[in-house]
Structures are given as C-alpha cells and as structure tokens.
Amino acid sequence: MPGQSDKKPSKRSFSGSHQRSWLWGHHAVTETIRAGKWPILEVFTTQEAFEPTAELLQAQGQQAVPIAIVSANRLEQLVRSSEHQSIVARLGPFPYLTMKQLLSDLRTAINSMTPGDTSGQHLRVSLPPLVVVCDRIQDAFNFGAILRCCDGAAAFGVIVSDKCQAEVTPHVARSSSGAVNYVPIARTDDLIEAVRLVKQLGSQVVAADSNATTRIWKTELQELTTLIVGSEAHGIHPNLLAMSDHRVCVPMLGRVTSLNAAVATGILLYEIRRQQSQSNDTRQVD
C-alpha cells in the first residue's frame, strides 16, 4: 500500500549513492518498468503521478513494488535534482548476462539464420548478429550513448569488462535513453578470452583505431562482425588490437583529429549495418 511520507532516511539508505541507486524522470522510470528487466525495489511519486504509475506497475505484473507518495521537495532530496518529473525509482543491481549466456544466445542466433529470415531482435530484415566490445569506457555519458547507438543499430549484445569500465547505473540508463533495458550486456573478467570465444563462432573482429590507416568504408563488413571500441584516453588494449582482423578509422575531413567515442561508435555501427543490409538485399534477389 502506498504511504505518505516525507521522513528523511538515514545516511545508511544512501550507501549506494544517488547515481548508483536512484533513477528519476518520467521516461526513464516508466521505460524501466515496462521492460521488466532491471529490478525495481521501490517507487516514489507525487500524488499527481501516483495513479498512472500504479496502473503501469499493475499492467506489467509488478504491483508488488512498494510505492511511496511524497512531496516534490522530498523527491528532490532523494535524487539531489529538481529534474525528477514527479517520479523516482530505487533500483537493485543491474542484471548483467554472463559470457556463457551471451555466447549460447549468439550461437543459437547464428545457427538459426537463413537468407530472407525476418525473425530476431527488432530487425525488419535478416542481418548477421552484431556484437560490440567496450574496452575501458569509463565515462558514464559515453557508455550510455554507446548503448543507445547499439540499440538503434540492433546490436545483438555488448561485452564489457568488470574492471576499469563504467558500470550500468541509473546515470548510464538516463544517458542511454532507456536502451540499457533492451541491449543484452555481458560482463566478464577477461575481455581477451571473450573475443577469442566470439571469433570461434565465426565472427570477424573489427577494431576502432584512430591510428589506423584503413578507412571504415574501405573494409568488407557484410558478414558476422564484432566491433571493439576503446577508451578515449587509452584506446584499445594492445592485446585486443592484436586479435582484430581489421583496424579501421572514421575519416576526419575537418580540422579536429578525433571524434567522441560514442559518436565514432554510432558511425561505425551504421556503416556495418549499411553494408550488411546491401549484402542481404543482394542475397534475397539472387
């Protein structure tokens, strides 16, 4: 049952920090409720926002989630922001996949692909599963934006390390515009081994390397592909670069010599999908 309360919690309730535990904003919270992927521990709303929130939770089979009706000022205290839009959710740990789970799903997807097949993750055409490996992306804004690009390009999944990598937090969820709820994300303690296992399934590995001399549009990318993107500070680890089949760059035609990691990732993903779409159209005609 919802309760009216403006009582301040003890410092203990903020142990996860507001960036790690609290998600706010109408779109971000309702998208997370609809997806039903990320555990919601508690919802705080104003009286005005209560009814629509309760109806949505019930519609998604999550009516057991406690709802507290509080003032707008209390919401601002909880998240330390006035941009809460009358709704806040306290979340549990993000449900990462294991590499075993992602590889099993990837193997199934590869084996089930046939020319002209229109099944699969929100794909309107049959395209090879596209995997993205993030190597030490530490900025939460960049990581969230990369996930948003992955969702837009219907990437099959994302692989991240459990070290020196931004975690999936509500902050990342907001910058991804909710894409964290739909892009499978696997976390591993060994990115090199993860890439080796993906290669064993027949995927070519493409490294986004600003020092490369091969432009992205000069590379054949029609088949099963895994894209590695690295941090802006350090790039891709040399051992991962050594495993790549192609090192490509985004041509810089102006005076600035590099792009934001998320922007570069979006360009690369859509060039891969452009080539794969053309190849798919040719196969269907044949």
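**Exercise 1. Packing around helix α2**

State which elements the buried residues of α2 pack against, and identify those residues.

*Solution.* Start with the packing: the buried residues of α2 are in contact (heavy atoms within 4.5 Å) with β2, β3 (40-45), α3 (47-59), β5 (87-91) and α7. This is a predicted model, in which local features need pLDDT of at least 70 and side-chain atom pairs count only at pLDDT 80 or more, whereas totals for chains, interfaces and linings use all residues. Residues are numbered from 1 along each chain as its sequence is written, and side-chain values use heavy atoms, with hydrogens and water left out. Helices (H or I, at least four residues) and strands (E, at least two) are DSSP runs numbered from the N terminus.

Next, take the residues themselves: in α2, which spans residues 26-35, A28, V29, T30, E31, T32 and I33 are buried, where buried means under 20% relative accessible area, exposed over 50%, and partly exposed in between (1.4 Å probe, protein chains only). Just after this helix, G36 adopts a positive phi of about 65°.

Then turn to two of the packing partners. L23 belongs to strand β2 (residues 22-24), and because its relative accessibility is 1%, L23 counts as buried. Setting aside residues up to four places away in sequence, L23 touches ten residues' worth of surroundings that include A28, V29 and T32, together with I87, A173 and R174. T53, in helix α3, is likewise buried, with a relative accessible area of 6%, and beyond its neighbours within four places in sequence T53 contacts V43, T45 and I87.

**Exercise 2. The sheet and strand β7**

Work out the order of strands in the seven-stranded sheet, and decide whether the two faces of β7 are covered or open.

*Solution.* The open sheet runs β8-β7-β6-β11-β9-β12-β10, with parallel pairing; two strands count as paired if DSSP finds at least two bridges between them. The edges are β8 and β10 (214-215), each of which pairs on one side only. At the β10 edge, two bridges join β10 in parallel to β12, and T214 stands opposite V248 of β12.

Now consider β7, residues 157-161. On one of its sides, β7 runs parallel to β6 (residues 130-135), to which four bridges join it, with C134 facing V160 of β7. The pairing of β7 with β8 (residues 185-188) is also parallel and also spans four bridges, and here V158 has I185 as its bridge partner.

The connections follow from tracing the chain. From β6 the path goes through helix α6 (residues 140-152) to β7, giving a right-handed β-α-β unit; right-handed here describes a path from the first strand over the helix to the second that runs clockwise when the strands point away from the viewer. From β7 the chain crosses through helix α7 (residues 170-175) to β8, and this β-α-β crossover is right-handed.

For the faces, five of the five residues of β7 are buried: G157, I159 and S161 lie on one side and V158 and V160 on the other, so that both faces are covered.

**Exercise 3. Salt bridges**

Find how many salt bridges the whole structure holds, and examine R90 and E42, D162 and K163, and K199 and D245 as pairs.

*Solution.* The search finds six salt bridges, each defined by a side-chain nitrogen of Lys or Arg within 4 Å of a carboxyl oxygen of Asp or Glu.

One of them joins R90 and E42 at 3.5 Å, N to O. Because R90 lies in strand β5 and E42 in strand β3, this pair ties together parts that are 48 residues apart in sequence. R90 is partly exposed, at 26% relative accessibility.

D162 and K163 form another, at 3.2 Å, N to O. D162 is partly exposed at 40% relative accessibility, and K163 is partly exposed at 45%.

The side chains of K199 and D245 meet at 3.5 Å, N to O. The two residues are 46 apart, with K199 in helix α8 (residues 191-200) and D245 in the loop between α9 (238-243) and β12, and they link distant parts of the chain. K199 is partly exposed with a relative accessible area of 29%, and D245 is partly exposed at 39% relative accessibility.
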